[in-house]
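Work through the exercises below with the coordinates open. Each task is followed by a stepwise solution.

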Amino acid sequence: MTSTITLAIAVPLEAELVEQIRAVDPSVTVLYEPELLPPERYPADHSGDPAFKRTPAQEERYWAMLNSAQVLWGFPNESPAGLARIARENPRLQWIHAMAAGAGGAAKASGLDQDILQKFKITTSAGVHALPLAEFAALGILNGFKRSAELAQDQAAKTWPELRIPTRLVNGSTLVVTGLGEIGLETARIARALGMKVSGTKRSVEHIDGIEEVVDNTGLPALLATADAVVNTLPGTAFTENLFNHETFAAMKPGTVFINVGRGTVVDEEALLEALNNGQVSYACLDVFAVEPLPQDSPLWDHPRVMVSPHTSALSAAENRLITERFCSNLRTFLDGGDLPHLVDTVHFY
C-alpha cells in the first residue's frame, strides 16, 4: 500500500460527509469539486440532476481529477460507461466504492473484460439498504395478509361490503426468503418479530440461528410448498434469471403473498401474472422489474392485487450518511492492508 492515497468524489455528496471521509486518515488527499457534480434532487440522488451539463473545461477537470486518484467514491457519472472509461484511462486505480448494493450489474454492463476488472477492486454498499428494504418487505407481507388492495378498491368505490371478510394472521405463518444475505436476514428478523417462522435459500447451505431451514435453489420448490409468503432478495445474475418461473409459482400453495426487493430479472413476469390470475399468488408487492421504468403497457400497472413501487424502497434520508459510515470503515481497512468486504464478484457479477 502506498504511503499517501488520493481519493476522488465522483458523484454528488454532502460537504459534511466529505469531511467525515477526510477525517479517516491524514495521509488521504480527498478531491471534491462540487461544481463538477450534478446537484442532488433528493437525498442520496447519486446520479444528480440530469439537466446538469459540464462545460468542456469542467469536463476536462472532472476526468483529470478522477484519473489522478487511486480510490473513487462512486462510478464516474454513476454509469457503466463511466466505469468503463475510468478503468481504461486510469492505470493507478486500485478501488472504487459503488453506491448501489447491486453494483455487479453495472460492472457487467460496462463491457470490461476480466483482464481489466482484475486490476482494481469494486466494493458495494450492500447492507446499507437492508433495513429499508426489509421494512418494505414487511409492508408487502402485511398488505397481502390484511387485504389492503381490496380495502383501497372498496374505499375508492365507497363500498361497505355486506359480508365481513376475515384477514389472515401473520403470526404463526411461514415466510420463505430467497437470498439469506444481509437484506434477507434483516427481513427474517422483522418477520420473526411479527411471529413468523422463516426458512430460506443460500448458495452455501449452512445453519443460521433463527432460520428454520436453509436450502440451495434445488431445494426451493419443496420449501415454497410450505410458504404463506415469499420475499425475494436475490441479485440479478445468470444463475438467478427467471428463477421464479411457471414451475416455481406452481410449487407454491394457493394464496401465497409474493414480494420482490431483489432484482426484476429473477422473476418471469408473465408467469407471475398467470399465478396472480389463477390465485396461486394472492398479492404481489414489487419494487423491481425486468425492464425499468416499467413499460406503460405492462399489465402489472393495473392489476388489482399488485403494488408497483418504482425501485425506490431502498431509499431513505439517511442513505448517504450510512454509505459514508460504511465507506469510512472500508477505507480504514484499505489503508491498513486488510481485505475489503462486499467485493463485486466479477465472474457472477453480484
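**Exercise 1. Find what share of the chain's residues count as buried.**
Step 1: take buried as under 20% relative accessible area, with a 1.4 Å probe and protein chains only. Step 2: apply this to the 350 residues; 49% count as buried.

The model is predicted: local features need pLDDT of at least 70, side-chain atom pairs count only at pLDDT 80 or more, and totals for chains, interfaces and linings use all residues. Residues are numbered from 1 along each chain as its sequence is written, and side-chain values use heavy atoms, leaving out hydrogens and water.

**Exercise 2. Test the radius of gyration of the chain against a compact globule.**
Step 1: use C-alpha atoms and the rule 2.2 Å times the number of residues to the power 0.38. Step 2: for 350 residues the rule gives a value near 20 Å; the chain has 22 Å, which agrees. Step 3: add the spans of the C-alpha trace along its principal axes, about 70 × 45 × 35 Å.

**Exercise 3. Describe the largest nonpolar core.**
Step 1: join buried Ala, Val, Leu, Ile, Met, Phe, Trp, Tyr and Cys residues through side-chain atoms within 4.5 Å. Step 2: the largest such core has 51 residues. Leu7, Ile21, Leu66, Trp73, Phe120 and Leu331 have the most contacts inside it. Step 3: helix 12 (residues 319-335; helices are DSSP runs of H or I, at least four residues, numbered from the N terminus) gives the most to this core, with 6 residues.

**Exercise 4. List partners of Leu7.**
Step 1: count heavy atoms within 4.5 Å as a contact. Step 2: skip residues up to four places away in sequence. Step 3: the partners include Ile21, Val28, Ala69, Phe327 and Leu331.

Terms used:
Buried < 20%, exposed > 50% of the residue type's maximum accessible area, 1.4 Å probe, protein only. Helix = DSSP H or I, 4+ residues; strand = E, 2+ residues; numbered from the N terminus.
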